Amino acid sequence: QVQLVESGGGLVQAGGSLRLSCAVSGTTFNLKAMAWYRQAPGKQRELVARITVGGTRNYSDAVKGRFTISRDNAKSTAYLQMTSLKPEDTAVYYCNAGGGPFWGQGTQVTVSS
């Protein structure tokens, strides 16, 4: 069974940075596109960033230019480097492998103004 473990969240002031990690097991990581989603209170889960097997990156308009998604196939881990954080980035962040049905527990990111 696929397992995803997100980490790296926390409380940060506006303008600050955080780096999220997503450790994946139970699947062939290097054959999966990886994605980060987030869900704020009272809102639907939304796609934040995606990276394909070949390394092509896509971002939502809300985070473009501020967030960077990357992957380390040797470590079966995906990352989300977040800079210039804003209060509206506050959410639980989740990663997903290959568009499958498995999700981790998420990691809370809180940005104070």
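What percentage of the 113 residues of the chain count as buried? The answer is 41%. Keep that in mind as you look around, and remember that this is a predicted model.

**Stop 1: the whole chain**

Start with everything in cartoon view. You will find ten strands and zero helices, so to speak a walk of β-β-β-β-β-β-β-β-β-β from the N terminus on. The radius of gyration is 13 Å, close to the 13 Å that the globule rule gives for 113 residues, so the chain is as compact as a globular protein of that length. Turn the model along its principal axes, and the C-alpha atoms fill a box of roughly 40 × 25 × 20 Å.

Now switch on a surface. About 5900 Å² of the chain is exposed, and carbon and sulfur atoms supply 47% of that area. As for contacts in the chain with a separation of 6 or more, 52% of them come from residues 24 or more positions apart.

**Stop 2: the sheet of four strands**

Next, select S1, S3, S8 and S7. They form an open sheet in the order S1-S3-S8-S7, and the pairing is antiparallel. Strand S1 (3-7) and strand S7 (67-72) stand at the edges with a single partner strand each, so one side of each is left without a neighbour in the sheet. Look along the sheet for its twist, which averages 15° from one strand to the next.

Zoom in on S3 and strand S8 (residues 77-82). The two run antiparallel and are joined by six bridges. To see one residue pair, click alanine 23: its bridge partner in S8 is threonine 77.

**Stop 3: the disulfide**

Stay with S3 and show cysteine 22 as sticks, together with cysteine 95. A disulfide joins these two residues, with an S to S distance of 1.9 Å. The pair links distant parts of the chain, as cysteine 22 sits in strand S3 and cysteine 95 in strand S9 (residues 91-97), 73 residues apart. The torsion about the S-S bond is about 65°, so this disulfide is right-handed. If you have the surface on, hide it here: cysteine 22 and cysteine 95 are both buried. There is no second bond of this kind to look for, since the structure holds one disulfide.

**Stop 4: the sheet of six strands**

Cysteine 95 in S9 leads you to the other stop for sheets. Select S2, S10, S9, S4, S5 and S6: they make an open sheet of six strands in the order S2-S10-S9-S4-S5-S6, with mixed pairing. Its edge strands are strand S2 (10-13) and strand S6 (57-59), each of which pairs on one side only. The twist here averages 25° from one strand to the next.

Move to the S6 edge. Strand S5 (residues 46-51) pairs with S6 in the antiparallel sense over three bridges. Pick isoleucine 51, and you will see arginine 57 of S6 opposite.

**Stop 5: asparagine 30**

For the last stop, select asparagine 30, in the loop between strand S3 (18-25) and strand S4 (34-39). Is this residue buried, exposed or partly exposed? Its relative accessibility is 40%, so asparagine 30 counts as partly exposed.

Which residues does it touch, leaving aside neighbours within four places in sequence? Show Val53, Arg71 and Asn73, which are in contact with asparagine 30. Then draw a distance from its C-alpha atom to that of threonine 77: the two are separated by 9.7 Å, though they lie 47 residues apart along the chain. You met threonine 77 earlier, as the bridge partner of alanine 23.

Definitions and conventions: Residues are numbered from 1 along each chain as its sequence is written. This is a predicted model: local features need pLDDT of at least 70, side-chain atom pairs count only at pLDDT 80 or more; totals for chains, interfaces and linings use all residues. Side-chain values use heavy atoms; hydrogens and water are left out. Buried means under 20% relative accessible area, exposed over 50%, partly exposed in between (1.4 Å probe, protein chains only). Contact means heavy atoms within 4.5 Å. A disulfide is a pair of cysteine sulfur atoms within 2.5 Å. Two strands pair if DSSP finds at least two bridges between them. Axes are lines fitted to C-alpha atoms, for helices over the stretch in contact, and angles run from 0 to 180 degrees between N-to-C directions. The radius of gyration is taken over C-alpha atoms; the globule rule is 2.2 Å times the number of residues to the power 0.38. Accessible areas come from the Shrake-Rupley method with a 1.4 Å probe; for residues, only the protein chains shown count as cover.
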